[in-house]
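Reader: I'd like a close look at one part of this model, the paired strands and the ring contacts around them. Could you walk me through it?

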Amino acid sequence: MTTLFLASASPRRLALLRQIGYSPLPVPTAIDETPLPGEDPAAQALRLAMAKAAAARERPAALILAADTIVSVDGQAFGKPRDFPSAQEMLEALGGRWHTVHTAVVVTRSGRNAQCLSTSRVQMRRLDAREIAAYWASGEPADKAGAYAIQGLGALFITALEGSYSGVMGLPLFETGQLLGTFGCPPPFLHGLS
């Protein structure tokens with residue numbers, strides 16, 4: 001069976017891949033995630049996923065999966081908050097309205113690349129200052145794009161979702177399974193089917 005390398009230290013992406021039967025080997029990468037001037041949030045997610053895959057390519061002929069998630073509202077991209085004030089700013093901007101979550105996935109092996117972009121819309125209720133402070137104190141928002149986790153405590157703030165739940169978590173499973181299948185690595189429970 002092909003070894004799958006996950007170019008990420010994200011426990012969420014690792015758990016999602018395990019959920020559908022893969023046993024990836026994490027290869028954390030360190031890249032500059034600063035947005036380029038005037039860069040569209042979807043393009044930023046794709047560029048960062050490609051950069052992560054490239055940073056993990058030290059293994060010849062390895063099958064590598066990388067992903068990046070960007071939350072945006074009114075064209076403004078929100079990555080991970082730097083500190084409480086940045087998380088507060090993000091949650092205030094997202095509250096009471098719809099926002100977009102772009103998750104790009106890149107699979108690469110031996111110079112061949114395939115990519116996809118999952119775009120979902122999420123509606124969050126407005127949070128007051130006490131709720132934001134309590135949520136920050138929980139520790140959950142610190143390493144999440146947009147300063148919330150739909151699969152955790154942040155679920156209490158989400159009123160609607162259009163698109164991929166797993167994509168909002170950080171790895172759209174339908175699209176990921178399709179991409180890995182094109183590299184001859186379908187979900188393990190489907191091996192042997194023609």
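**Strands and rings**

Author: Let's start with a charge and a ring: Arg 112 has its charged end over the ring of Phe 183, 4.0 Å from the centre of that ring. Keep in mind that this is a predicted model.

Arg 112 brings us to a strand, since β6 covers residues 112-124. Strand β6 runs antiparallel to β5 (residues 97-109), and 13 bridges join the two. One spot to look at is Thr 103, whose bridge partner in β6 is Ser 118. The β5 and β6 hairpin has two residues between the strands, and Ser 110 takes a positive phi there, near 50°.

Now for another charge over a ring: Arg 121 lies over the face of Trp 98, 4.3 Å from the ring centre. As a rule, side chains in a regular strand alternate between the two faces of the sheet.

Strand β6 also has β7 as a partner: those two run antiparallel, with four bridges joining them. Over there, Val 122 stands opposite Leu 161 of β7.

Just before β7 (158-162) we get to the loop between α4 and β7, which holds Phe 157. The structure has two aromatic pairs. In the pair of Tyr 135 and Phe 157, the ring centres are 5.1 Å apart and the planes sit at 85°, so this one counts as edge-to-face. Tyr 135 belongs to helix α4 (residues 129-137), so to speak the other end of a contact that links distant parts of the chain, 22 residues apart. As for exposure, Tyr 135 and Phe 157 are both buried.

Note on methods: Residues numbered from 1 in each chain as written. Predicted model: local features only at pLDDT ≥ 70, side-chain atom pairs only at ≥ 80, totals over all residues. Heavy atoms only, no water. Phe/Tyr/Trp six-rings, centres within 6.5 Å; stacked < 30°, edge-to-face > 60°. Buried < 20%, exposed > 50% of the residue type's maximum accessible area, 1.4 Å probe, protein only. Lys NZ or Arg CZ within 6 Å of the ring centre and 35° of its normal. Pairing = 2+ DSSP bridges.
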